[in-house]
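Here is a short tour of one protein model, written for someone meeting structures for the first time. Take a look at the picture below, then read on.

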Amino acid sequence: MQTRNTVQQRIVSDQLRQLGNHPTVDEVYRAVHAQRPSISKATVYRILNKMAHTGDALCVLVAGDAERFDHRTDPHYHVVCTVCGRVDDIEVPPSLGDLDSEAALGAPGYVITGHSLFFDGVCPSCQKAQEKER
């Protein structure tokens, strides 16, 4: 069954892409609300979850943080700032190989369907702030 691409869906999708940097539902809602005040936060949440379910967005779950969403759906990794919680994409060299295949070797009997990998670090903005405090 084909789904409709409503005006609301297009606006949410556009804002997710424009915001970049893995926004929360609240951040996407604020951007959408500024453009179209009639769209409710519940609608934004429902659309983002639908996009994640259909593969049109990623739901990025960071421990102890609100769900974040990513317009980039290709396999990639993330780095999380341990100071402010900012989430950015990180490129991992292809020389690491196929992590799904490697993980399958350590999980006999499992069919590996995916994985997520987060690096912890301090973002450039927080580094600058820390340097000023010194």
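Which residue in strand 5 does Cys81 stand opposite? Cys81 stands opposite Gly121. This is a predicted model, in which local features need pLDDT of at least 70 and side-chain atom pairs count only at pLDDT 80 or more, while totals for chains, interfaces and linings use all residues. Residues are numbered from 1 along each chain as its sequence is written, and side-chain values use heavy atoms, with hydrogens and water left out.

**Strand 3 and its partners**

- Helices (H or I, at least four residues) and strands (E, at least two) are DSSP runs, numbered from the N terminus.
- Strand 3 covers residues 77–81, and 4 of its 5 residues are buried (under 20% relative accessible area with a 1.4 Å probe, protein chains only; exposed is over 50% and partly exposed is in between).
- Strands count as paired if DSSP finds at least two bridges between them.
- Strand 3 runs antiparallel to strand 4 (residues 87–90), joined by 4 bridges, and Val79 has Asp88 in strand 4 as its bridge partner.
- These two strands form a hairpin with 5 residues between them, and Gly85 in the turn has a positive phi of about 90 degrees.
- With strand 5 (residues 118–121), strand 3 pairs in the parallel sense over 4 bridges.

**Helix 1**

- The 13 residues of helix 1 should span 18 Å at 1.5 Å a residue, and its end C-alpha atoms are indeed 18 Å apart; the expected span is 1.5 Å times one less than the number of residues.
- Gln9, Ile11, Val12, Gln15 and Leu16 are the buried residues of helix 1.
- Those buried residues lie on the same side of helix 1 because they cover an arc of only 165 degrees around the axis, taken from the directions from the helix axis to the C-beta atoms.
- Exposed Arg17 and Gln18 sit on the face of helix 1 turned away from its buried side.
- The buried residues of helix 1 pack against helix 2, helix 3 and strand 2 (68–70), where contact means heavy atoms within 4.5 Å.
- Gly20, just after helix 1, takes a positive phi of about 55 degrees.

**The largest nonpolar core**

- A nonpolar core is a set of buried Ala, Val, Leu, Ile, Met, Phe, Trp, Tyr and Cys residues joined through side-chain atoms within 4.5 Å.
- The largest one has 13 residues, and Val12, Val28 and Leu48 are among those with the most contacts inside it.
- Helix 1 (7–19), helix 2 (25–35) and helix 3 (41–54) each supply at least two residues of this core, and helix 3 gives the most, with 4 residues.
- Leu48 touches Val12, Leu16, Val25, Val28 and Phe69, not counting residues up to four places away in sequence.
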